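Reader: I'm new to this one, so could you take me through a single part of it slowly?

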Amino acid sequence: MPSINFYSGSGLDRAEHLRADAEWLIAQLANPTTRLLPLWRTKNMIEARTAMREAPRPVWLPSLKAAHLVELAEEMIFLGLRDGEVRIALDLSAVDEPAAHPDLAPLGEFVDLREIGPLLPRDEGSILAYARGLVHWHKTHQFCGRCGHLTKSTNSGHVRRCSNEDCGASHFPRSDPAVIMLVHDGDRCLLGRQPFWPPGMHSVLAGFVEPGESLEEAVIREVYEEVKLKVDRVTYHSSQPWPFPSSIMLGFSARALTSEIEVDERELESARWYTREEMLNSPEDETFRLPRRDSIARRLVEDWLKGEA
Ligand SMILES: [Zn+2]
């Protein structure tokens, strides 16, 4: 099945079998086709602003011209092969102010992927999300969760190993599963709103999967917790990597068995039923707008409007 959601479909060969060979990765820096993807804290590097407005492009540096930047990097993460050529993420978070750094400032600008995601080519958006997720994971897994000692990056940036010889635990990049579900009763669909969302934005319900429950159970539980509706016919739709910072969104539709809503105000500001007509005529303004274009939530809504979910 073709990839339908933003931030998936990188087209990269992740080439897992090459990760264990640290010397191979270092040698690739001398390969003229190797490209480096700079990141700074939670941001990705995009070519200068002028190019950004309508068609932003990530900065891919030839490694042969970037030895000085490699020296600045906190982490070097092998992303994979693109058409057989090596792609490496470079975490430059140690630089205090990239906009003032003589080696970085001329190359472009660091921006939050969420600001420009929908404008990027799909494959590039997916690679940037992948790199962002890994850099965040390194940052938040500096210490061993088992014994508290420092961890060290290994396997070309895909494992962190505890430095305590008596422990030696390996820690792997993680994605936190969250269910996101379009609840409908045939003619109407339920949308809610969280208080910190942009003005007017309404979306489908979502929540994290808890230990010891299936995805279907998580859907049923979350809907009941948030709006006190009972649902059945929980049907899988598609999934979306959402490394903001570390989720994988698992999309479902579910049929409501009851119609009276009681909003849990700890989770939602409001929620109500919307007809197809209301949604198709969304003013997309501060009174009402659908979820952002790069989200699986938007996809769930659009497919339901087309009668496909
Ligand atoms: Zn440990």
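Reader: Please look closely at the zinc ion: what is the geometry of its site, and what are the angles among its four donor atoms?

Author: A word on the model before the zinc. This is a predicted model, where local features need pLDDT of at least 70 and side-chain atom pairs count only at pLDDT 80 or more, while totals for chains, interfaces and linings use all residues. Residues are numbered from 1 along each chain as its sequence is written, and side-chain values use heavy atoms, with hydrogens and water left out.

Now, the site of the zinc ion is tetrahedral, with angles of 97 to 114° among its four donor atoms. (Four donors earn that word if all angles lie between 85 and 135 degrees.) For reference, the ideal angle for four tetrahedral donors is 109.5 degrees. The donors here are the SG atoms of Cys 144, Cys 147, Cys 162 and Cys 167, sitting at 2.3 to 2.4 Å. A donor means an N, O or S atom within 2.8 Å of the metal, or 3.2 Å for Na, K and Ca; water is not among the atoms, so sites may look incomplete.

Read along the sequence, the donor residues follow the spacing C-x2-C-x14-C-x4-C. Cys 147 belongs to the loop between helix 5 and strand 7 (151-154), and Cys 162 to strand 8 (residues 159-162), so this pair ties together parts that are 15 residues apart in sequence. Helices (H or I, at least four residues) and strands (E, at least two) are DSSP runs, numbered from the N terminus.

How about exposure? Cys 147 is partly exposed, at a relative accessible area of 31%, whereas Cys 162 is buried, at 7%. Buried means under 20% relative accessible area, exposed over 50%, and partly exposed in between, using a 1.4 Å probe and protein chains only.

Helix 5, which we just met beside that loop, also turns up at the second largest pocket. Its six residues are the largest share of that lining. The pocket holds about 440 Å³ of space and is lined by 23 residues, with Arg 14, Tyr 130, Ser 175, Pro 241 and Pro 243 nearest its centre. A pocket, on a 1 Å grid over the protein atoms alone, is an open set of points where a 1.4 Å probe fits, with protein on both sides within 12 Å along at least five of seven lines; lining residues have an atom within 4 Å of a point. Grid points are joined across faces, edges and corners, and the volume is the space filled by probe spheres set on them.

Technical notes. Four donors count as tetrahedral if all angles lie between 85 and 135 degrees; four count as square planar and six as octahedral if opposite donors are over 155 degrees apart and all others between 65 and 115; anything else is irregular.
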